[in-house]
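Hi there,

Here is the structure I promised to pass on to you. Have a look at it first, and then read my notes underneath.

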Amino acid sequence: MDDIRNWKRQRLMRYAHHLVYIACLSGELNEPDCCELCGKEELLVAHHDDYRKPLLVRWLCPSCHKQHHVDLQRSYRNRRMAIWRG
């Protein structure tokens with residue numbers, strides 16, 4: 001069951017990334033000049049909070065993007081521990 005769930009999630013992720021790429025090429029979606037969190041002007045990454053909304057992205061620099069995922073993992077672990085502890 002987990003394999004099917006992971007496969008569907010991976011497929012949705014690839015589809016969302018592809019749509020962002022196409023939208024950027026067509027001019028429908030424009031990459032800003034700086035990171036939404038820290039304001040650095042460097043290469044930005046389109047971050048999806050929800051892959052079911054593929055064109056709703058936040059533009060983050062690589063360091064903010066990495067830190068965001070670290071924070072997500074930490075909060076996920078904390079929620080699981082809270083459920084386990086009851």
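Below is what turned up, grouped by region. Please keep in mind that this is a predicted model.

**Helix 1**

Helix 1 covers residues 2-26, and Ile-22 is part of it. Together with Tyr-21 and Leu-25, Ile-22 makes a nonpolar patch on the surface of about 330 Å². Ile-22 itself counts as partly exposed because its relative accessibility is 38%, which falls between the 20% limit for buried and the 50% limit for exposed.

Trp-7 also sits in helix 1. With a relative accessible area of 47%, Trp-7 is partly exposed too. If you want a sense of distance, Trp-7 and Arg-58 are separated by 51 residues in sequence, and their C-alpha atoms lie 24 Å apart.

**The cysteines**

You may well wonder how many disulfides the structure holds. The count is zero. For Cys-24, the nearest cysteine sulfur belongs to Cys-34 and is 16 Å away, and Cys-24 is in no disulfide. Cys-64 is in no disulfide either: its nearest cysteine sulfur, on Cys-61, is 3.6 Å away. That pair does not qualify because a disulfide here requires the two sulfur atoms to be within 2.5 Å.

Are these two cysteines buried or exposed, or something in between? Cys-64 counts as buried, since its relative accessibility is 15% and the cut-off for buried is under 20%. Cys-24, at a relative accessible area of 31%, is partly exposed.

Cys-24 is another residue of helix 1. Setting aside neighbours within four places in sequence, Cys-24 is in contact with Leu-29 and Trp-59. Cys-24 and Arg-9 are 15 residues apart in sequence, with 23 Å between their C-alpha atoms.

**His-68 and its surroundings**

The last stop is helix 2, which runs over residues 62-85 and contains His-68. What does the side chain of His-68 make a polar contact with? The partner is the side chain of His-47, at 3.2 Å. Once neighbours within four places in sequence are left aside, His-68 is in contact with His-47, Asp-49 and Arg-58. His-68 is buried, because its relative accessible area is 17% and buried means under 20%.

Arg-58 therefore comes up twice in these notes: as a contact of His-68, and as the residue whose C-alpha is 24 Å from that of Trp-7.

Happy browsing, and all the best!

Note on methods. Residues are numbered from 1 along each chain as its sequence is written. This is a predicted model: local features need pLDDT of at least 70, side-chain atom pairs count only at pLDDT 80 or more; totals for chains, interfaces and linings use all residues. Side-chain values use heavy atoms; hydrogens and water are left out. Patches are made of residues with over 30% relative accessible area and no salt bridge: like charges are joined within 9 Å, nonpolar side chains (Val, Leu, Ile, Met, Phe, Trp, Tyr) within 5 Å. Accessible areas come from the Shrake-Rupley method with a 1.4 Å probe; for residues, only the protein chains shown count as cover. A salt bridge is a side-chain nitrogen of Lys or Arg within 4 Å of a carboxyl oxygen of Asp or Glu. Helices (H or I, at least four residues) and strands (E, at least two) are DSSP runs, numbered from the N terminus. Buried means under 20% relative accessible area, exposed over 50%, partly exposed in between (1.4 Å probe, protein chains only). A polar contact is a pair of N or O atoms within 3.5 Å; within protein, one must be able to donate a hydrogen and the other to accept it, and residues adjacent in sequence count only if both atoms are side-chain atoms. Contact means heavy atoms within 4.5 Å.
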